[in-house]
Amino acid sequence: MACLWTCNNSGKVCSSFSPSTLHFSSFQRLSFNHNRPCPSRPLTLRAVETSERSVSAAAAEEEEACVNFAFVSSVLLPDGTPDVQLRKATGGQKLRDIMLDANVELYGPYARPLLNCGGGGTCATCMVEVVEGKELLNPRTDKEKENLKRHPKNWRLACQAIVGKPDSRGMMVIQQLPEWKAHEWNYRGLPPVEEEEEESVSSSST
């Protein structure tokens, strides 16, 4: 808590109070008390202490807003678990730019310049599956509606999908190269077989 001290015209400390009790009326009482003669110099306020709590709170408020991402590779790790890369980025950008800037695989076998349209939305080689966080994206564009009409609704073109706004916060889980995915997994991190066994055990116990 920061402490403020009032000083009279001689510079001598005469009282202290907390900022939580500091209101506009307090300034009126300090400077414009009509029951007393006005001093030759106006009263001054001097800050003598600042707590670590107030500093950390201000720093937290100034922390830049961002969106967290979990990018899941189309290939499993040697132990059979999903290969997940965690990233964060400021909103208001296209998902394609976020993935390329973060060195996250996007095009797979179509990574060569002549094998993709470079973000024009015509080749449909930057498809991703939005597992979580689709509410942060803009609606499908006309190019997506044309190129993805035979794919699930949660598939998007990374070059057409805009992630929120600059002040957006949230979490997105993105499956990379969904058309090349040779395995199934769920967001809780359990293989489908284990999930089914867990549900059967819980139902039998009830």
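# Briefing: helix α3, the open sheet and the core

R96 sits in helix α3. The model described here is predicted. It contains an open sheet of five strands and a largest nonpolar core of 27 residues. The points below start at R96, then turn to the sheet, strand β10, the core, one loop residue and the cysteines.

**R96 in helix α3**

- R96 counts as buried because its relative accessible area is 15%, and the cut-off for buried is under 20%.
- The side chain of R96 makes a polar contact of 2.7 Å with the side chain of Y107.
- Beyond four places in sequence, R96 is in contact with L106, Y107, G118, G119, A158 and C159.

**The five-stranded sheet**

- The strand order is β5-β4-β10-β7-β8, and the pairing is mixed.
- β5 (82-89) and β8 are the edge strands, each pairing on one side only.
- From one strand to the next, the twist averages 35°.
- β10 pairs with β4 in the parallel sense, over six bridges.
- β10 and β7 run antiparallel and are joined by four bridges.
- I174 in β10 is the bridge partner of F71, and I174 also stands opposite V130.

**Strand β10 and Q175**

- Five of the seven residues of β10 are buried, so the strand is mostly covered.
- Q175 is found in β10.
- With a relative accessible area of 0%, Q175 is buried.
- A polar atom of the Q175 side chain lies 3.3 Å from the backbone oxygen of S73.
- Leaving aside neighbours within four places in sequence, Q175 touches V72, S73, S74, V128, E129, V131, K181 and W185.

**The largest nonpolar core**

- Among the 27 residues of this core, F69, L95, V163 and M172 touch the most other members.
- Two or more core residues come from each of β4 (67-76), α3 (95-101), β7 (127-132), β8 (155-157) and β10 (170-176).
- In soluble globular proteins, nonpolar side chains tend to be buried together.
- Apart from residues up to four places away in sequence, M172 is in contact with V67, N68, F69, A70, V130, E132, G133, L136, L137 and V163.

**A65 in a loop**

- A65 lies in the loop between α2 (52-62) and β4.
- The relative accessibility of A65 is 11%, so this loop residue counts as buried.
- A65 and P166 are 101 residues apart in sequence, but their C-alpha atoms are 7.2 Å apart in space.
- P166 is also one of the residues that A65 touches beyond four places in sequence; the others are T90, D167, S168 and R169.

**Cysteines**

- The count of disulfides is zero.
- For C126, the nearest cysteine sulfur is that of C159, 3.7 Å away.
- A disulfide requires sulfur atoms within 2.5 Å, and C126 is in no disulfide.
- C126 is buried, at 2% relative accessibility.
- C159, for its part, is among the residues in contact with R96.

Terms used:
Residues are numbered from 1 along each chain as its sequence is written. This is a predicted model: local features need pLDDT of at least 70, side-chain atom pairs count only at pLDDT 80 or more; totals for chains, interfaces and linings use all residues. Side-chain values use heavy atoms; hydrogens and water are left out. A nonpolar core is a set of buried Ala, Val, Leu, Ile, Met, Phe, Trp, Tyr and Cys residues joined through side-chain atoms within 4.5 Å. Buried means under 20% relative accessible area, exposed over 50%, partly exposed in between (1.4 Å probe, protein chains only). Contact means heavy atoms within 4.5 Å. A polar contact is a pair of N or O atoms within 3.5 Å; within protein, one must be able to donate a hydrogen and the other to accept it, and residues adjacent in sequence count only if both atoms are side-chain atoms. Two strands pair if DSSP finds at least two bridges between them. Axes are lines fitted to C-alpha atoms, for helices over the stretch in contact, and angles run from 0 to 180 degrees between N-to-C directions.
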